[in-house]
Amino acid sequence: MRKKERYEKVIAWFQKNVPVAETELHYNNPYELLIAVILSAQCTDKRVNMITPPLYKDFPTPETLAATTPEVIFEYIRSVSYPNNKAKHLVGMAKMLVNDFNSQVPDNLDDLIKLPGVGRKTANVIQSVVFNKAAMAVDTHVFRVSHRIGLVPGSCTTPFSVEKELVKNIPEKLIPIAHHWLILHGRYVCQARTPKCDTCGLQMTCKYFCNTYKVTKEEPKAKNK
């Protein structure tokens, strides 16, 4: 299957079967989403959503978060991965928002990645979710699913190379939702250890499925047969 055809089929399937796809992190404004995304690094959205309500309540603005200490924040986030570093990042991020950005979350990559705890992936999430920009955040789910389906070649060995390939081949207006399509597919269907190929609607478009189970368009073969 040619690359263009694969992309067209994958996009068409998601548009039909997953017309609504959005972040599963809970937030009420860009500042809260920035906190949640920083906390979500190597941690589940479910865990982050459990701990953020009291954090949002007690530190509702960048000014209040900037005025506290990492030691105080640690007590709120101790159940997430790397709480010490993340506590420092959150306070540092808030201070920079107040001092350099008039307490507003920046809307561009260059400014976002200046913030403590914010790398390219986090910056792209903010650009995509908050500002609806054509930014593709590549986490472990997007990286894995893109390779398995065959959207990117094996030569794309870094998140940035996967990002560039996806952005090049997905229509610009669909990139924000495509980010969530791939994440959610990786989280609930195309899982790392045991992909649910039997129930996946992308079987005949997926390079991994067709190669693994030696199937063709003419002779589909389900995993459990």
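These legends describe close-up views of a predicted model.

**View 1. Two domains make up the assignment for this protein.** Domain 1 comes in two stretches of sequence, 3-21 and 137-211. Domain 2 covers 30-131. How far apart do the C-alpha centres of domain 1 and domain 2 lie? The distance is 28 Å. The domains also touch: 9 residues of domain 1 are in contact with 7 residues of domain 2.

**View 2. Helix H5 has buried residues on one side.** Helix H5 runs over residues 70-77. Look for Ile73, Phe74 and Ile77, which are buried in this helix. Why do these residues sit on the same side of H5? They cover an arc of only 110 degrees around the axis, so they share that side.

**View 3. The buried residues of H5 pack against other helices.** Which helices are the partners? Helix H2 (30-40) and helix H3 (45-58) are among them. Helix H4 (62-66) and helix H6 (83-100) also pack against the buried residues of H5.

**View 4. Thr23 sits in a loop.** The loop lies between helix H1 (3-17) and H2. Which backbone atom does the side chain of Thr23 reach? The partner is the backbone nitrogen of Leu25, at 3.2 Å. Thr23 is also in contact with Val129 and His180, leaving aside neighbours within four places in sequence.

**View 5. Four cysteines carry a UniProt "binding site" feature.** The record, an unreviewed entry, places this feature at Cys190, Cys197, Cys200 and Cys206. These residues are spread over 17 residues of sequence, yet they cluster in space. Their largest C-alpha distance is 10.6 Å. The lining of the largest cavity includes Cys190, Cys197, Cys200 and Cys206.

**View 6. Cys197 lies in a loop between two helices.** Helix H11 (175-188) is on one side of this loop in sequence, and helix H12 (207-212) is on the other. Is Cys197 buried or exposed? Cys197 has a relative accessible area of 8%. Buried means under 20%, so Cys197 counts as buried.

**View 7. Cys200 is found in the loop between H11 and H12.** The relative accessible area of Cys200 is 15%. That value is under the 20% limit, so Cys200 is buried. Which residues does Cys200 touch, not counting those up to four places away in sequence? The partners are His185 and Val189.

Terms used. Residues are numbered from 1 along each chain as its sequence is written. This is a predicted model: local features need pLDDT of at least 70, side-chain atom pairs count only at pLDDT 80 or more; totals for chains, interfaces and linings use all residues. Side-chain values use heavy atoms; hydrogens and water are left out. Buried means under 20% relative accessible area, exposed over 50%, partly exposed in between (1.4 Å probe, protein chains only). Helices (H or I, at least four residues) and strands (E, at least two) are DSSP runs, numbered from the N terminus. The arc is that of the directions from the helix axis to the C-beta atoms. Contact means heavy atoms within 4.5 Å. A polar contact is a pair of N or O atoms within 3.5 Å; within protein, one must be able to donate a hydrogen and the other to accept it, and residues adjacent in sequence count only if both atoms are side-chain atoms. UniProt positions are given in the numbering used here, feature names are shortened, and annotations may be inferred rather than shown by experiment. On a 1 Å grid over the protein atoms alone, a cavity is a set of points where a 1.4 Å probe fits but cannot get out, and a pocket is an open set with protein on both sides within 12 Å along at least five of seven lines; lining residues have an atom within 4 Å of a point. Domain bounds come from an automatic or database domain assignment.
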